[in-house]
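Colleague: I'm new to this one, so could you walk me through it while I ask questions?

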Amino acid sequence: MRLTVLGCAGSFPGPESPCSAYLVEADGFRLLIDFGSGSLSTLQRYAGLHAPDAILLTHLHCDHVLDAVTYVVVRRYAPDGPYPPLPVYAPSGAPDRLMAAYGDDTGMDDVYQFYGLQPGTFPIGPFTVTVDRVNHPVETYGVRLEHDGRVLCYSSDTAPCEALLRLAQDADVFLCEASYLDGVENPPDLHLTGREAGEAATKAGARRLLLTHLVAAWGSEAHTVESAAAAYAGPLEVVRPGASYDI
């Protein structure tokens, strides 16, 4: 598997990154996980406008789905289009949410073929995908991808929970959000701190920790890394747009 980061800013685009979007490739198949604000630009820069063979949306907050709305124009109105419907795996309500954001009630069946997510394991292309509900205010799924004996876990947005530990168990790479700073009063049941991300990686036995979804405007990358490293002894780093990782 190969992971390419298209966007990693938390909650809203930062000065150096769009919001969450991650392209995972194996056997010539490309799965786009989340499609957050601004990431259509980096999709073109680092992969190609028509790169995705399928999309998985972990939850319906704008910073994880909004460019799936803009992408309708790409597939519906391209001079060499329209393109065939693209499989989209998403929480319940995704078609209505995306259609409302697009501002058109005629539907998106010509652009997307929607599949509702629920906890369990299923195939997408060459990947074995396991999703489970994690600790976030809306219906949100953490993701475990397996291929050829290798494992990538993506936390999506979550506060600490047992489902996250199950998904990340023995992962080769754990792509984990770390939105909040340690040592301050944070809202409960919403996001992880660097220390909590490190603790989850340690408890799960993850072999490498990639921190994402930091909020540049009110966070501290150095503080987040220091807090995570205090709780996790393995290799860790903060991801950047354009960074790629072989798994």
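Colleague: Which residue in strand 11 is the bridge partner of C153?

Modeller: Keep in mind that this is a predicted model. Strand 10 (residues 150-154) and strand 11 (residues 173-177) run in the parallel sense and pair over 3 bridges. Y154 has its bridge partner in strand 11 too, namely L175. For C153, the bridge partner in strand 11 is F174.

Colleague: And on the other side, in what sense do strand 9 and strand 10 pair, parallel or antiparallel?

Modeller: One bridge there links E146 with V151 in strand 10. Strand 9 (residues 141-147) and strand 10 are joined over 5 bridges, and the sense of that pairing is antiparallel.

Colleague: How many of the 5 residues of strand 10 are buried?

Modeller: To count as buried, a residue has to be under 20% relative accessible area. Strand 10 is mostly covered, and the number of its residues that are buried is 4.

Colleague: Which residue takes a positive phi in the hairpin of strand 9 and strand 10?

Modeller: That hairpin has 2 residues between the strands. The residue you're after is exposed, because D148 has a relative accessible area of 70%. It isn't a glycine, yet its phi is positive at about 55°. So there's your name, sitting in the loop between strand 9 and strand 10: D148.

Colleague: What about H213, is it buried or exposed?

Modeller: H213 is another residue other than glycine with a positive phi, near 65°. You'll find H213 in the loop between strand 12 and helix 6. Its relative accessibility is 1%, so H213 counts as buried.

Colleague: Let's zoom out: what is the order of the strands in the open sheet?

Modeller: The sheet has 7 strands with mixed pairing. Its edge strands, each pairing on one side only, are strand 7 (120-124) and strand 13 (236-238). Neighbouring strands are turned by 20° against each other on average, direction ignored. The order is 7-8-9-10-11-12-13.

Colleague: What angle does the direction of helix 5 make with that of strand 11?

Modeller: Helix 5 (residues 194-204) packs on the sheet, where it touches strand 11 and strand 12 (209-212). The angle between the directions of helix 5 and strand 11 is about 155°.

Colleague: Which elements do the buried residues of helix 5 pack against?

Modeller: Those buried residues are G194, E196, A197, G198, A200, A201 and A204. Just after the helix, G205 takes a positive phi of about 75°. The packing partners of the buried residues are helix 4 (162-168), strand 11, strand 12 and helix 6 (221-231).

Colleague: Is helix 1 oblique or perpendicular to helix 2, and why?

Modeller: Helix 1 (residues 39-46) and helix 2 (residues 62-77) pack with their axes 9 Å apart, at an angle of about 60°. The perpendicular range is 65 to 115 degrees. That angle therefore makes helix 1, relative to helix 2, oblique.

Colleague: Which residues in helix 2 meet helix 1?

Modeller: From helix 1, the residues involved are S39, L40 and L43. By class, this contact has 4 nonpolar, 2 polar and 1 charged residues. T70 is partly exposed, with a relative accessible area of 40%, and its C-alpha is 8.0 Å from that of L40, though the two are 30 residues apart in sequence. On the helix 2 side, the residues are D67, T70, Y71 and V74.

Colleague: How many nonpolar residues are in the contact of helix 2 with helix 3?

Modeller: Helix 2 and helix 3 (residues 94-102) pack at about 75°, so helix 2 is roughly perpendicular to helix 3. Helix 3 brings L98, A101 and Y102, while the residues from helix 2 include V65, L66 and R76. The contact has no polar and 1 charged residues, and the nonpolar count is 10.

Colleague: Last one: how many disulfides are there?

Modeller: A disulfide needs two cysteine sulfur atoms within 2.5 Å. The closest cysteine sulfur to that of C8 belongs to C19, and at 9.4 Å this is too far for a bond. C62 is in no disulfide either, with the sulfur of C19 being the nearest at 9.2 Å. The count of disulfides is 0.

Notes: Residues are numbered from 1 along each chain as its sequence is written. This is a predicted model: local features need pLDDT of at least 70, side-chain atom pairs count only at pLDDT 80 or more; totals for chains, interfaces and linings use all residues. Side-chain values use heavy atoms; hydrogens and water are left out. Axes are lines fitted to C-alpha atoms, for helices over the stretch in contact, and angles run from 0 to 180 degrees between N-to-C directions. Angles under 35 degrees count as roughly parallel, over 145 as roughly antiparallel, 65 to 115 as roughly perpendicular and the rest as oblique. Contact means heavy atoms within 4.5 Å. Ala, Val, Leu, Ile, Met, Phe, Trp, Tyr, Cys and Pro count as nonpolar, Asp, Glu, Lys and Arg as charged, and the others, Gly among them, as polar. Two strands pair if DSSP finds at least two bridges between them. Buried means under 20% relative accessible area, exposed over 50%, partly exposed in between (1.4 Å probe, protein chains only).
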